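Subject: Structure for you to look at

Hi,

Here is the structure I promised to pass on. Please open it next to this email and follow along.

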Amino acid sequence: MSTDEKMVKRRRSALRGREVQPAVLSELRDLIGDERVDPALRHRDRLIEHLHLLQDADSYLSMPRLRALAAFMNLPMAAIYETATFYAHFDVIHDEQTPPPKLTLRVCDSLPCRLAGAEALHQALSDGADPETVRVLHAPCMGRCDTAPVVAVGHHHVLNASTQNVEAAVKQGQVEPGKVRWQRLSEYRSIGGYQLLADCREGLVSIESLEKELEQAGLRGLGGAGFPTFRKWRAVRAEPGPRYAVINADEGEPGTFKDRYYLEREPHTFLEGALVSAWAVEAKALYIYLRDEYPGLQGVLKEAIAELEAVAIVEKGFVILRRGAGAYICGEESALIESLEGKPGKPRHRPPFVAQKGLFGQPTLVNNVETVYWIPRIHAQGAEWFANQGRHGRKGLRSFSVSGRVARPGVHVAPAGITLNELIEEYCGGMAEGHRLLAYLPGGASGGILPASKADIPLDFDTLQEHGCFIGSAAVIVLSDQDNLQAAASNLLGFFADESCGQCTPCRVGTEKMLTLLERDTWDEATLQRLAAVMADASICGLGQAAPNPVLSLLRDFRGELASHNLIAKG
């Protein structure tokens, strides 16, 4: 054998890729734990949690750390890298790159924050920041649209942000989440909390009777789909076990913040509803997938779960809290399941549905935070109490996240079927001073845009489809005569383009192409219509299917407004 042949053979027998540095692996074990002692640390579903620990420690993810993590978990480096680079909240720094500054300011770029001056604020903060110590980034919705504009200083949110209060937060070292006053276990039990869960477990309340209550109340999925809750329970329970229950607390739709509202104030009401849902499908475990933009709620839920474990209401480890990592697409239930399994959050092809084959390949119940929040309240106060709250022939209550040009933005619990005019006048204190209603988004970024002339339509599931819109999670963004509809549509399409997972061409390419068309001085209406049809027909999931809705709404209901700005031809 020649010398060259020997060298090739030696090279091929060696490990491929860069070698793991023993010191880095040792540091990794100090942060995460020792996988040789606890093999569960190597399970794939722990990957994103491990990445969070590394990101929190260093403010970025270095390649030596990622190589060590691949060895730690016995996973290919490609799998680690693919997952780390998929999520917006992980900063992967290659060997030749300079690590970012320790402190990051994230300026919310959602439509409500843009209306409140976020772009000018971003520019002012960028101009005043020392790039050696601080970086200033645009960021998607942070779920605090009622206090726009919002800036995240590390993990601390500055509300109604200005250059002055952001700079003050930086000087004071406010980089950790603020504390909230929340309902403790003792408070909740003093008003009858967890009695429903106890009665369910003891056989005093049957699954059939509880399902009947929810059916009579008209409780539907309040994350956006509106599927009847009792039917979803039945679908999952009909599948052979083991089964899982998952709570989708990843409300990333711009304009939506109702789930945060309930979790900050009444976590135990939510937890009881979630545990009853898990009981209803005989779940092996209950997972809560909480968006990473709510760092303060990580602490609240950890403490609340610990309270339950301390008094044996739940077994230790039955409720598993997981952090998202900044991906709107993970609001889609199959993408959320992929993320829980430690993978990039890309939607699955259906069928099978997650009720048949979900988490770890098992039947899985996925419910929204607000949906399960109402379960103990409906049981305590009666199905008729809830159903009779509706207006204009509708049933139940809705938690409207209202932002934009109103006097009192916030979460307003109002009758299902209320009109926008009624909602603004009765709950929001009217329009903001000096503003006249021009348009509104009834269901967040993807729910379409309606004109002021259609502000008397009942807001509920099944009432908006004939107008080309839907209520979704009831995120209402109000626009006025002082707002630019072209800029609003471009902002929404920019969001969808950024958040597309890239898995399917109609969404990946379509959102970028539509944004480019919108930014032109004159709109090519025929091309926009054709592109929207392809995206709606061929995208894998709701993101690509619904992304054109704002544009189609403007072409349908705002032709005069668009023509006055010479975006489309008059007549």
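Aromatic pairs come first: the count is 16. One of them is Tyr328 with Phe495. Their ring centres are 4.8 Å apart and their planes meet at 65°, so this pair is edge-to-face. Keep in mind that the model is predicted.

Where do Tyr328 and Phe495 lie? Tyr328 is in the loop between strand E9 (319-323) and H16, while Phe495 is in helix H20 (residues 485-499). The two parts are 167 residues apart in sequence, so the pair ties together distant stretches of the sequence. Tyr328 has a relative accessible area of 16%, so Tyr328 is buried. For Phe495 the value is 10%, and Phe495 is buried too.

Now look at Tyr373 and Trp374. The centres of their rings are 5.2 Å apart, with the planes at 75°, so this pair is also edge-to-face. Are these residues buried or exposed? Tyr373 is buried, at 1% relative accessible area. Trp374 is buried as well, also at 1%.

Both residues belong to an aromatic cluster. Its members are Tyr261, Tyr262, Tyr373, Trp374, Trp385 and Phe386. Try selecting those six in your viewer.

One ring has a charged partner. Arg291 lies over the face of Tyr294. The distance to the ring centre is 5.2 Å.

Next, the strands. Start with E11, residues 397-404. How many of its 8 residues are buried? The number is 7, so strand E11 is mostly covered. In a regular strand, side chains alternate between the two faces of the sheet.

E11 pairs with strand E12 (residues 410-415). This pairing is antiparallel and runs over 6 bridges. Within it, Phe400 has His412 of E12 as its bridge partner. The link from E11 to E12 is a hairpin of 5 residues.

E11 also pairs with E15. Here the sense is parallel, and there are 4 bridges. Val402 stands opposite Val476 in E15. So follow E11 in your viewer and you will find E12 paired in the antiparallel sense and E15 in the parallel sense.

Now the backbone. Two cis peptide bonds are worth finding. The bond from Ala148 to Pro149 is cis, with omega near -5°. Pro149 sits in the loop between strand E4 (134-139) and strand E5 (151-153). The bond joining Pro351 and Pro352 is cis as well, with omega about 0°. Pro352 is in the loop between helix H16 (333-340) and strand E10 (364-368).

Two residues have a positive phi without being glycine. Which loop holds Asn160? Asn160 is in the loop between strand E6 (156-158) and helix H8 (163-171). Its phi is about 45°. Asn160 is partly exposed, at 46% relative accessibility.

The other residue is Asp462, with phi near 75°. Asp462 is found in the loop between strand E14 (450-451) and strand E15 (475-480). Its relative accessible area is 48%, and Asp462 counts as partly exposed. The cut-off helps here: exposed means over 50%, so Asp462 stays in the class below.

That covers the list. Write back with any questions.

Best wishes

Methods: Residues are numbered from 1 along each chain as its sequence is written. This is a predicted model: local features need pLDDT of at least 70, side-chain atom pairs count only at pLDDT 80 or more; totals for chains, interfaces and linings use all residues. Side-chain values use heavy atoms; hydrogens and water are left out. Buried means under 20% relative accessible area, exposed over 50%, partly exposed in between (1.4 Å probe, protein chains only). Rings of Phe, Tyr and Trp (its six-membered ring) pair if their centres lie within 6.5 Å; planes under 30 degrees apart count as stacked, over 60 as edge-to-face and the rest as tilted. A charge sits over a ring if NZ of Lys or CZ of Arg is within 6 Å of the ring centre and within 35 degrees of the ring normal. Two strands pair if DSSP finds at least two bridges between them.
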